[in-house]
There are 2 protein chains.
Amino acid sequence: MNNISFIGSGNVAFHLSKALLSAGHTITSISSRNKSNAKKLAEKVNAKVCDINEIDDTVNLVIIAVSDDAISEIIHEIPSYINCIVHTSGAVSMDVFNNKFENFGVFYPLQSFSKDRKLAISLVPFLIEANGEAFEVELKNLALKISQRAEIMDSESRKHLHLAAVFANNFINLMATEAYNILEGKNIDASLIRPLMIETILRLEDYHPKDMQTGPAKRNDLEVLKKHEELLNSNSKLQSLYRQISQQIMRKYNGSEL
Amino acid sequence: MNNISFIGSGNVAFHLSKALLSAGHTITSISSRNKSNAKKLAEKVNAKVCDINEIDDTVNLVIIAVSDDAISEIIHEIPSYINCIVHTSGAVSMDVFNNKFENFGVFYPLQSFSKDRKLAISLVPFLIEANGEAFEVELKNLALKISQRAEIMDSESRKHLHLAAVFANNFINLMATEAYNILEGKNIDASLIRPLMIETILRLEDYHPKDMQTGPAKRNDLEVLKKHEELLNSNSKLQSLYRQISQQIMRKYNGSEL
């Protein structure tokens with residue numbers, strides 16, 4: 001796995017290629033529709049820029065790091081002389097490779113990447129799947145060179161993991177956005193709420209979240225729920241969302257509904 | 001503010017009394033319906049246990065740290081010779097004191113406390129309100145002895161802050177619970193998802209959450225949304241919640257709905 005080529009030059013390609021370079025691997029080439037991004041990333045990791053059909057036949061591994069809906073199309077463009085290839089998506093099944101290559105698999109870092117933000121990649125769990133056991137072990141060992149945690153997981157389980165990640169990232173982020181919006185709407189500095197959110201998540205190191213639920217819905221405090229809904233009178237969609245989420249908490253903890 | 005008495009012996013009383021003791025204050029007494037809790041806490045902070053009507057008339061400050069719905073009743077029981085008194089609730093207006101005391105106010109630590117878990121109280125923002133400016137300044141200075149951040153905030157703004165805290169703590173915790181449940185239902189180690197949740201919150205130090213939204217609803221990826229709803233077929237309530245939250249994201253970012 002000495003020579004690695006990337007297809008894609010976005011957030012995932014950026015963080016993975018830099019981490020693999022630091023771990024002693026050679027990044028041979030970057031291929032991307034976005035030539036300017038590809039050039040920038042290639043300079044950072046001492047790679048060349050090339051088209052997909054020009055990827056070296058001596059490369060040990062091709063890593064596809066493009067958006068989910070582009071993976072299938074890109075696989076059609078990749079020369080079949082490529083021996084080992086993975087994609088990095090949580091949501092796309094390994095079947096997408098359609099047995100076109102000798103060794104194919106999934107190398108999924110369970111994290112939300114942003115180029116602007118430094119990330120401790122050693123803390124990112126990698127979920128690995130491959131069409132053969134030997135390649136699977138190679139991929140897992142590769143992941144363990146840049147991260148403390150790598151596990152084998154099949155496409156079916158990965159689907160559920162990806163669904164859970166929507167709650168854990170996308171939905172939590174929406175809750176943060178709504179909290180910020182409520183505060184900013186009243187000219188209250190939204191940063192006040194950050195230590196509370198940080199503690200809410202960090203304590204999950206010691207506790208299961210089901211044992212940490214608090215608040216008016218948990219304690220069936222209809223008076224406070226009503227007051228909160230009144231505060232949201234001018235935003236009927238958010239008011240309805242407040243009610244739906246509170247109802248889910250009430251069902252879980254009180255067996256009742258609003 | 002040298003001698004401070006607490007009414008209540010729960011999580012807030014526990015953390016506040018310990019922090020104030022460490023900051024050089026004397027905790028004179030603990031009053032609580034739960035005598036066993038009161039005794040345990042009193043021993044920890046070198047205080048005596050006494051009934052509410054026995055609180056020393058020389059005490060400089062009484063801090064009410066009981067559940068929201070008990071505050072009003074407890075205020076009736078407190079001798080009117082008490083000179084300075086605060087409650088610690090985000091949701092209860094300062095009007096609850098009904099002008100019974102010379103100096104009254106609110107000393108609200110914006111955090112979710114648990115006795116079992118160590119907490120860096122210096123990072124907890126305190127929101128202060130009082131019936132007079134001098135007392136307000138005294139309370140703010142008291143808060144600044146145990147925390148880096150204390151601000152004056154009136155009851156009306158605090159109501160909105162408390163509503164935002166429901167999103168930031170209660171609702172985020174529910175999202176974490178649902179993520180854990182999805183994983184545990186498939187025998188996947190739920191701790192896999194923790195680094196993602198931590199990063200989701202920690203990056204808000206640098207970014208506004210509205211700029212960090214990602215996922216299928218954000219990019220209007222109807223195919224993935226449909227697949228996720230199918231995975232939730234056996235849990236119609238959670239399926240409906242998934243849909244409601246996704247719709248809120250779609251409205252915000254795409255102006256569309258499912």
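Buried residues account for 48% of the 258 residues in chain A. This is a predicted model, and chain A holds 8 helices and 8 strands. Here is a friendly tour, starting with chain A as a whole and ending with the way chain A meets chain B.

**Chain A at a glance**

- Along its principal axes, the C-alpha atoms of chain A fill a box of roughly 70 × 40 × 35 Å.
- Among the contacts in chain A with a separation of 6 or more, 49% link residues 24 or more positions apart.
- Chain A is divided into two parts: domain 1 covers 3-153, and domain 2 covers 158-254.
- The centres of domain 1 and domain 2 of chain A, taken over C-alpha atoms, are separated by 35 Å.
- Where these domains touch, domain 1 of chain A contributes 7 residues and domain 2 of chain A contributes 5 residues.
- On the domain 1 side of that contact in chain A, 5 residues are nonpolar, 2 are polar and no residues are charged.

**The sheet**

- In chain A, 8 strands form an open sheet in the order 3-2-1-4-5-6-7-8, and the pairing is mixed.
- The edges of the sheet in chain A are strand 3 (48-49) and strand 8 (150-152), each of which pairs on one side only.
- Chain B also has an open sheet of 8 strands, with the order 3-2-1-4-5-6-7-8 and mixed pairing.
- In chain B, the edge strands are strand 3 (48-49) and strand 8 (150-152).
- For an example from chain B, look at strand 1 (residues 3-7) and strand 2 (residues 26-31), which run parallel and are joined by 5 bridges.
- B:Ile7 stands opposite B:Ser31, a residue of strand 2 of chain B.

**Strand 6 of chain A and its neighbours**

- Strand 6 (residues 103-109) of chain A is mostly covered, with 6 of its 7 residues buried.
- As background, strands of a sheet pair through backbone hydrogen bonds, either parallel or antiparallel.
- Strand 6 of chain A pairs with strand 5 (residues 84-87) of chain A in the parallel sense, over 4 bridges.
- Within this parallel pairing, A:Ile85 stands opposite A:Phe104 of strand 6, and the bridge partner of A:His87 in strand 6 is A:Val106.
- Strand 6 of chain A also pairs with strand 7 (residues 126-130) of chain A, this time in the antiparallel sense and over 5 bridges.
- In the antiparallel pairing, A:Phe107 has A:Ile128 of strand 7 as its bridge partner.

**Helix 1 of chain A**

- Helix 1 (residues 11-22) of chain A has 12 residues, which at 1.5 Å a residue should span 16 Å; the end C-alpha atoms are 17 Å apart, which agrees.
- The buried residues of helix 1 of chain A are A:Val12, A:Ala13, A:Phe14, A:His15, A:Leu16, A:Ser17 and A:Leu20.
- The cover over these buried residues includes strand 1 (3-7), strand 2 (26-31), strand 4 (61-64) and strand 6 of chain A, along with helix 2 (35-44) and helix 4 (133-146) of chain A.
- After helix 1 of chain A comes A:Gly24, with a positive phi near 105°.

**How the two chains meet**

- The contact between the chains involves 68 residues of chain A and 68 residues of chain B.
- On the chain A side, helix 5 (155-185), helix 6 (194-202), helix 7 (222-231) and helix 8 (236-254) each supply at least two residues.
- Helix 5 of chain A gives the most to this side, with 24 residues.
- By class, the side of chain A that touches chain B has 40 nonpolar, 16 polar and 12 charged residues.
- The copies meet through the same surface, because 100% of the interface residues of chain A are also interface residues in chain B.

**Symmetry**

- A turn of 180° with a shift of 0.0 Å along the axis lays chain A on chain B with an RMSD of 0.0 Å.
- That is the relation of a two-fold axis.
- The residue of chain A that comes closest to the rotation axis is A:Ile172, at 2.7 Å (C-alpha).

Key. Residues are numbered from 1 along each chain as its sequence is written. Chains are lettered from A and ligands numbered from 1 in the order in which they are written. This is a predicted model: local features need pLDDT of at least 70, side-chain atom pairs count only at pLDDT 80 or more; totals for chains, interfaces and linings use all residues. Two residues are in contact if their C-beta atoms, placed from the backbone, lie within 7 Å. Ala, Val, Leu, Ile, Met, Phe, Trp, Tyr, Cys and Pro count as nonpolar, Asp, Glu, Lys and Arg as charged, and the others, Gly among them, as polar. Copies are superposed by least squares on the C-alpha atoms of residues with pLDDT of at least 70 in both. Two strands pair if DSSP finds at least two bridges between them. A residue is buried if 20 or more other C-beta atoms lie within 10 Å of its own, exposed if 12 or fewer, and partly exposed in between; C-beta atoms are placed from the backbone. Domain bounds come from an automatic or database domain assignment. The expected span of a helix is 1.5 Å times one less than its number of residues.
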